[in-house]
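Trainee: I should like to learn how descriptive terms are justified from a structure. May we go through one together?

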Amino acid sequence: MPWRLPLWRRVVAWLRRVPATDAIDRRNAPALQVLLLFLGTEIPLNKGYHLLTATRIQMNPTQLAVDIGTDAAMTLAAWLGVWMIRHGRVKTATAAFIGVTLCSGIAANIAFGYQLQAFDPYPMMLLTLAALVIGRWALWSVYAGIPLMFWLGMESPGGQGPGGQGNPFQNLPSLALSYLMITLVLDRTVEALREGLFSARRSAERLRAEIRERERVQERLLHLQKMESVGHLASGVSHDFNNILGAIIGYTAQRHRLHELDFDPVADAHAMGDALEGVELAAQRGVSISRKLLSFSRRELAVPTDFDAGQALFGVEPMLRQLFGPGVQVHITVPEVPCLVHLDPSQFDLVMLNFAANARDAMPDGGTYTLALSVEAGQAVLRLSDTGIGMDAEVMLQVFEPFFTTKPAGQGTGLGLAVAQEMTEQAAGSLWVDSAPGHGTRFTLRLPLVAPALSPAV
């Protein structure tokens, strides 16, 4: 809970909670608040200490009013700056504090003379704040005000040397050049930092754009793979629909019983009822096949979820059998316990069909295709084996590369196994192949299991 955090962490969190829209302002806000809180506290305390401990005030009424007034103005500007920063106006707060402090410095130099203000640290602080928080125009505006402040101090009566001797303007050129060098260094350094930050932002934006484009390309490739798999399924689906239509035609042929001479109302009515039930079951199977194909071919974004890999294999079994045809025997074995994995179910189905399509092409004269799912060491292990022609070591080295295919031109995209590899990597699993010419191929897919949710205790 927030109230259990250490005090300093709560203070840091409070300093960072600034509703600024600019990222640089949000980063500068904590340090600026600390500085303004310090100055808003230190200036009045320091002035009160000096006034209370001084045995005799060596200032005339005008100087005393300027001294107290400038300190009060800077204190008010500091606290007002904190309030403005808390409302997200970081640059405005900094500009207001710089303006008030610079005007206070000018008033103090006019009242007390340059000599009493020569080692004031405020000019350096104002230059740094203007450069880091606001920008170049503010930096050079502050620099223009600093020599003016010194010149006005040297013009005032208090700017003369002891006994009225010495030239009060002899240090003005060196001071102006010194602050010019400081301003130039700040200008170049801050500009380099801003250019680096801008370059980093552009690189980050390009990276985000590349990631979005990669996701769009991946989505299109997956959809193309689905369409290719649907094309592979077409012949099997056509055969299955022909069987369904043949069954329907066979059932509807029972209507001749109504016109025969030995028509038995009771027996023939039951026979017609059974025929209509057969027609309904055949039609439902056709609807089921159509829905499965439409659902599979639909273009959707990948949405990983937890599902049982065993049930998913049985769900895709009809399409596998349609894909292979009658010449290939398909065997699926799954464990009795659920095998929960975290994947996109549609992408899992696609990968299973990709493996099956490759196995079908490797068994032109028929054979056996086996999917064996097991649980080993906290992983779901799926072994997909065929009794086809196999592949040599050179092909195995490239089998997962995108667009690599051994099929003739126009008969394969070379993306099926690349999609399977990418899905496996996204799920933090592993995939490898074992094959030899004339001895079939076996792919081993390992996926981390998802622990099933525990039922709440009654």
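Mentor: Certainly. In this predicted model, the lining of the largest cavity has eight nonpolar residues, no polar residues and no charged residues.

Trainee: What makes the residues of that lining nonpolar?

Mentor: The lining consists of Ala309, Val341, Phe348, Leu373, Ala380, Leu382, Leu445 and Leu447. Ala, Val, Leu and Phe count as nonpolar, and therefore the lining is classed as eight nonpolar residues.

Trainee: Which strands each supply at least two residues of this lining?

Mentor: They are strand 5 (379-386) and strand 7 (441-448). The cavity itself has a volume of about 40 Å³, and the structure holds one cavity of 30 Å³ or more.

Trainee: Let us turn to another residue. Why is Gln63 called buried?

Mentor: Buried means under 20% relative accessible area. Gln63 has a value of 18%, so the term buried applies to Gln63. Gln63 lies in helix 3, which spans residues 61-86.

Trainee: How do you know that Gln63 touches Ala111 and Phe112?

Mentor: Contact means heavy atoms within 4.5 Å. Leaving aside residues up to four places away in sequence, Gln63 touches Gln58, Ala111 and Phe112; these pairs therefore meet that cut-off. In addition, the C-alpha atoms of Gln63 and Ile110 are 9.5 Å apart, although 47 residues separate the two in sequence.

Trainee: How many of the residues of the chain count as buried?

Mentor: Of its 458 residues, 38% count as buried. The chain has 12 helices and seven strands.

Terms used
Residues numbered from 1 in each chain as written. Predicted model: local features only at pLDDT ≥ 70, side-chain atom pairs only at ≥ 80, totals over all residues. Heavy atoms only, no water. Helix = DSSP H or I, 4+ residues; strand = E, 2+ residues; numbered from the N terminus. Buried < 20%, exposed > 50% of the residue type's maximum accessible area, 1.4 Å probe, protein only. 1 Å grid on protein atoms, 1.4 Å probe; cavity = no way out; pocket = protein on both sides within 12 Å on 5 of 7 lines; lining within 4 Å. Points joined across faces, edges and corners; volume = space filled by probe spheres on them.
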